[in-house]
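Got your viewer open? Here's a short tour of one helix pair, stop by stop.

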Amino acid sequence: MNDRLLGTLGLCRRARRMVIGRDTVIAAIEDGSATLVLCAADFSDNSRKAVERAAGNRGVTFIRLVTDMDALSCALGKTCGVLGVTDEGFAEKIRLLLDS
């Protein structure tokens, strides 16, 4: 994962446009506030499936990252295996960075 993406994720968290954690992300998906969900490569399979199912049911983009929880947590300053982006502007920027 590139530094620009990690930096953007950190900025998104500081701007409070992100939710972190399985249950919080699922709640954000269900209430319509999450527009993009990212998951670390080593996130628990059972938890990943639950989040991925919720995202699929609501048409929210779910992306499994190639980075592990340690790198993601370091970028965010908080232990993180799954996160939901709640701002469309940040979500679009993150999608562009993932595509490049």
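**Stop one: two helices**

Helices α1 and α4 are oblique to each other, because their angle falls outside the roughly parallel (under 35 degrees), roughly antiparallel (over 145) and roughly perpendicular (65 to 115) classes. Before you click on, note that this is a predicted model, where local features need pLDDT of at least 70 and side-chain atom pairs count only at 80 or more, while totals for chains, interfaces and linings use all residues. Residues are numbered from 1 along each chain as its sequence is written, and side-chain values use heavy atoms, leaving out hydrogens and water.

Select residues 3–14 for α1 and 69–76 for α4: the axes come within 8 Å and cross at roughly 50°. (Helices here are DSSP runs of H or I, at least four residues; strands are E runs of at least two. Axes are lines fitted to C-alpha atoms over the stretch in contact, with angles from 0 to 180 degrees between N-to-C directions.)

Now show side chains. L6, L9, G10 and R13 of α1 meet A71, L72, A75 and L76 of α4, with contact meaning heavy atoms within 4.5 Å. That set splits into six nonpolar, one polar and one charged residue, with Gly counted as polar and Arg as charged.

**Stop two: around α4**

Which residues of α4 are buried (under 20% relative accessible area, 1.4 Å probe, protein chains only)? Pick L72, S73 and L76. These cover an arc of only 100° around the axis, so they sit on the same side of α4. The buried residues of α4 pack against α1, β1 (18–20) and β4 (82–85).

Spin to the other side of α4 for D70 and C74, which are exposed (over 50%).

Last pick: G77, just after α4, has a positive phi of about 75°.

Methods. Arc of directions from axis to C-beta.
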